[in-house]
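Visitor: I would like to take a close look at one part of this model, and to have it set in the context of the whole fold. Could you begin from a single side chain and work outward from there?

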Amino acid sequence: MSTAVPGTNRASGRSITERFRAFDAQNPHVYLELRRMAARRLAAGATRVSVKDLFEDLRHQLPYGVAGLNNNFTALYARRLIDEHLNWASVFELRRRRAD
């Protein structure tokens, strides 16, 4: 039986939020690029934007990808985009978070 705390990484014991904050602090260019990409899609007429799609586009745009760009971070990036651009709240689909 596992005694792992939901939302933590077994190896590090850190939550997704903690790992996201560390990644984001070390890679501020990722958020800036996601924001630019979302703004560009909205300016082109999109009414919905998928951060997972943005992640895949970002992975292909960068010559060596982005080490540590974890799909578990998509919801946190979407929330950050909405926090900083309240008018984008209807653009991203958010679900209730189960873990921190």
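What is the relative accessible area of D57?

Guide: The model is a predicted one, and in it D57 has a relative accessible area of 30%, which makes it partly exposed. Its side chain meets that of R41 in a salt bridge, with 2.0 Å between N and O. R41 belongs to helix α2 and D57 to helix α3, so the pair ties together parts that are 16 residues apart in sequence. R41 is itself partly exposed, at a relative accessible area of 26%.

This pair is one part of a wider charged pattern, since the count of salt bridges comes to six. Another of them also involves helix α2, where the side chains of E33 and R36 meet at 2.2 Å, N to O. Those two residues both lie in α2, three residues apart, or about one turn of the helix. An α-helix has 3.6 residues a turn, so residues three or four places apart point the same way. R36 is partly exposed, with a relative accessible area of 31%.

Helix α4 holds a comparable arrangement, in which R80 forms a salt bridge with E84 and the closest N and O atoms are 3.3 Å apart. Here the partners are four residues apart within α4, again about one turn of the helix. R80 is partly exposed at 24% relative accessible area, and E84 is partly exposed at 42%. Salt bridges that share partners join D24, R80 and E84 into one network. R80 has a further role in the geometry of this region, as it lies over the face of Y31, at 3.7 Å from the ring centre.

To place these contacts, it helps to step back to the overall fold. The secondary structure comes to four helices and zero strands, and the elements run α-α-α-α from the N terminus on. Of the 100 residues in the protein, 32% are buried, while the exposed area is about 6,700 Å², of which carbon and sulfur atoms supply 50%. Among contacts with a separation of 6 or more, 53% are between residues 24 or more positions apart.

Behind the partly exposed charged residues lies the nonpolar interior. In soluble globular proteins, nonpolar side chains tend to be buried together. In this model the largest nonpolar core has 25 residues, and V30, Y77 and F92 are those with the most contacts inside it. The helices α1 (16-26), α2 (28-43), α3 (51-61) and α4 (74-84) each supply at least two residues of this core, and α2, the helix that carries R41, gives the most to it, with six residues.

Helix α4 shows how this interior is covered. Its buried residues are T74, L76, Y77, A78, L81 and I82, and what covers them includes α1, α2 and α3. Y77 illustrates this in detail, because burial is judged by a relative accessible area under 20% and Y77 is among the buried residues of α4. Leaving aside residues up to four places away in sequence, Y77 touches F20, F23, D24, V30, Y31, L34, V51 and F55. That list includes D24, which also takes part in the salt-bridge network with R80 and E84, and Y31, the residue whose ring face R80 lies over.

Several aromatic side chains gather in the same region, for F20, F23, F55, F73 and Y77 form one aromatic cluster. A pair of aromatic rings is described by the distance of the centres and the angle of the planes. The count of aromatic pairs comes to five. In one of them, the ring centres of F23 and F73 are 5.5 Å apart and their planes are at 40°, so the pair is tilted. F23 lies in helix α1 and F73 in the loop between α3 and α4, so this pair ties together parts that are 50 residues apart in sequence. Both partners are buried, F23 at a relative accessible area of 7% and F73 at 3%. A further tilted pair is made by W88 and F92, whose ring centres are 6.4 Å apart and whose planes are at 55°. W88 is buried at 10% relative accessible area, and F92, one of the core residues with the most contacts, counts as buried at 4%.

Notes: Residues are numbered from 1 along each chain as its sequence is written. This is a predicted model: local features need pLDDT of at least 70, side-chain atom pairs count only at pLDDT 80 or more; totals for chains, interfaces and linings use all residues. Side-chain values use heavy atoms; hydrogens and water are left out. A nonpolar core is a set of buried Ala, Val, Leu, Ile, Met, Phe, Trp, Tyr and Cys residues joined through side-chain atoms within 4.5 Å. Buried means under 20% relative accessible area, exposed over 50%, partly exposed in between (1.4 Å probe, protein chains only). Contact means heavy atoms within 4.5 Å. Accessible areas come from the Shrake-Rupley method with a 1.4 Å probe; for residues, only the protein chains shown count as cover. Rings of Phe, Tyr and Trp (its six-membered ring) pair if their centres lie within 6.5 Å; planes under 30 degrees apart count as stacked, over 60 as edge-to-face and the rest as tilted. A charge sits over a ring if NZ of Lys or CZ of Arg is within 6 Å of the ring centre and within 35 degrees of the ring normal. A salt bridge is a side-chain nitrogen of Lys or Arg within 4 Å of a carboxyl oxygen of Asp or Glu.
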